[in-house]
Amino acid sequence: MANKDFQPGIEQAKALDKADVLHKFRERFFPLADNKIYMDGNSLGLASKDAEQALLQVMEVWKNEGILIWNVENGHYFNYGKNLGNRVGRLINAEENEVMITANTTLNIHQVIATFWKPTKERYKILVDDLNFPTDRYAVDSQIALKGMKVEEVLKVVESADGVFIDEDAVIEAMTPDVAIILLPSVLYRSAQLLDMERLTKEAHKRGIYIGFDLCHSIGAVAHDFEVIQPDFAIWCNYKYLSAGPGSTAGIYVNKKHFNKTVGLAGWFGNKDETQFQLNHEFEQAADITAFQTGTPNIFSMAPLEGVLNIYEKAGMKHIRAKSLNLTAYMMYLIDSHLKVYGYTYNNETEDHKRGGHVALVHDEAYRICLALKHHNIIPDYREPNVIRLAPIALYNSYEEVYTLIEVLEVIGQGQQWNNFSNERAIVV
Ligand SMILES: *Cc1c(COP(=O)(O)O)cnc(C)c1O
């Protein structure tokens with residue numbers, strides 16, 4: 001556990017909020033109806049005034065300019081994916097023009113596998129883990145099928161020993177000479193385990209293997225340093241910790257040393273700017289991350305990102321990460337001191353350098369406890385079979401909210417209030 005000197009009463013929560021350098025950013029986000037306490041920013045970040053403003057601004061430009069929207073501000077919207085990509089890229093210390101905002105996470109996985117995976121007789125396997133989010137597997141499996149190959153012959157799966165964590169040594173051991181490419185999550189979506197991306201990348205490169213990461217559960221929460229890590233590629237969504245709105249356009253990073261590769265999925269927005277509008281039938285691939293864009297940018301699904309980035313840039317990823325770690329450490333402390341007797345535990349890494357942005361609360365009655373929490377005006381996030389993900393977001397959650405959450409969980413435990421709810425599952429639980 002973190003080396004923080006926590007105390008049991010609410011006074012400390014109040015004092016921590018008072019001393020918090022990020023507390024002022026809370027008012028830039030909209031409070032939920034009925035002032036619900038939101039602990040689900042790891043699934044869908046909250047709306048901000050900055051995001052709303054940016055979206056309305058684009059609407060104004062479209063209203064006033066029509067087709068000329070593509071020309072205003074020196075082609076700002078024409079180059080929106082790259083302009084926003086450069087700003088998101090700075091959050092992970094990528095170089096200029098290595099990040100594009102485009103498509104969705106799943107399609108970007110298709111893009112990187114189609115680009116990087118060129119199987120040969122000797123080196124053809126794709127290495128993954130068995131705890132990654134399902135869509136990552138679906139995309140990889142269908143890329144294998146597209147080549148007329150068999151998943152069971154090509155896919156190599158590192159299995160977690162306990163179904164909770166991935167052993168990095170086991171991943172490294174699986175980096176055999178027949179492996180061509182590795183796709184792993186940066187942070188596991190259930191247990192919040194943060195993998196040592198630098199070490200894994202070094203080991204993969206030593207063996208001539210490409211490696212890339214899915215940052216869905218770390219972008220906007222963890223201050224990655226890509227200048228140090230140097231992965232080959234990465235992909236992520238912007239609607240979780242980065243709060244860019246439901247279904248907002250996703251991110252793709254490709255290390256600049258690979259800009260000479262032929263892009264797997266080509267489209268006219270991946271063509272060189274100079275010849276794109278000559279509309280030739282021969283694709284002339286752009287010389288940077290632009291190549292990885294396919295069609296016209298989804299401006300309305302990107303505008304909220306432009307707005308909310310102002311907040312992330314002002315706050316700074318170092319401060320965001322520091323507060324996020326302290327919030328989850330505080331939450332774990334309170335679970336230990338207040339909730340153990342009611343059958344609650346947590347199943348996530350406790351060391352700071354191994355933990356992402358949420359706490360994985362575990363209870364046999366997890367599903368019905370989520371319903372009880374909603375009844376008490378708190379929004380958690382359920383994951384089968386027994387995990388409640390609780391993500392206090394540095395920019396808009398307070399220590400006092402964490403304290404209140406624990407108090408409510410205590411009340412639910414004392415009264416066994418889960419008995420008031422049905423175990424039947426809704427579509428989005
Ligand atoms: C949320 C998430 C996704 C989502 O993919 P979309 O294509 O944006 O729907 C993919 N992978 C991981 C690991 C995720 O956490």
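**A surface patch, two pockets and the enclosed cavities**

On the surface, Leu55, Met59, Trp62 and Phe300 make up a nonpolar patch whose accessible area comes to about 360 Å² together. The model is a predicted one. Within the patch, Phe300 sits in the loop that runs between helix 11 (273-276) and helix 12 (303-315). Phe300 counts as partly exposed because its relative accessibility is 38%, a value between the limits of 20% for buried and 50% for exposed.

From the surface patch, the account turns to empty space. Rolling a probe the size of a water molecule over the atoms shows where such space is left. The largest pocket has a volume of about 410 Å³. It is lined by 19 residues, and those closest to its centre are Leu194, Leu195, Asp196, Met197 and His353. Two or more lining residues come from each of helix 9 (197-206) and helix 10 (226-229). By class, the lining of the largest pocket holds eight nonpolar, three polar and eight charged residues.

The second largest pocket contains about 300 Å³ of space. Its lining has 22 residues, of which Phe133, Cys216, Cys237, Tyr239 and Lys240 are the closest to the centre. The elements giving two or more residues to this lining are helix 5 (105-116) and helix 6 (134-146). Here the classes are eight nonpolar, nine polar and five charged residues.

Next come the cavities. A search of the whole structure finds four of them at 30 Å³ or more. The largest cavity encloses about 80 Å³ of space. Around the largest cavity are Phe78, Asn79, Tyr80, Gly81, Lys82, Met100, Phe269, Asp273, Gln276, Thr290 and Gln293. Helix 4 (80-91) and helix 11 each supply at least two residues of this lining, and helix 4 gives the most, with three residues. Helix 11 also marks one end of the loop in which Phe300 of the surface patch is found. The lining of the largest cavity divides into four nonpolar, five polar and two charged residues.

The second largest cavity holds about 60 Å³ of space. Its lining consists of Gly220, Ala221, Tyr241, Tyr312, Ile320, Ser324, Pro392, Ile393, Ala394 and Leu395. Eight of these residues are nonpolar and two are polar, with no charged residue in the lining.

Notes
Residues numbered from 1 in each chain as written. Predicted model: local features only at pLDDT ≥ 70, side-chain atom pairs only at ≥ 80, totals over all residues. Heavy atoms only, no water. Patch = residues over 30% accessible without salt bridge, like charges linked within 9 Å, V, L, I, M, F, W, Y side chains within 5 Å. Areas by Shrake-Rupley, 256 points an atom, 1.4 Å probe, with all protein chains shown as cover. Salt bridge = Lys/Arg side-chain N within 4 Å of Asp/Glu carboxyl O. Helix = DSSP H or I, 4+ residues; strand = E, 2+ residues; numbered from the N terminus. Buried < 20%, exposed > 50% of the residue type's maximum accessible area, 1.4 Å probe, protein only. 1 Å grid on protein atoms, 1.4 Å probe; cavity = no way out; pocket = protein on both sides within 12 Å on 5 of 7 lines; lining within 4 Å. Points joined across faces, edges and corners; volume = space filled by probe spheres on them. Nonpolar A, V, L, I, M, F, W, Y, C, P; charged D, E, K, R; others polar.
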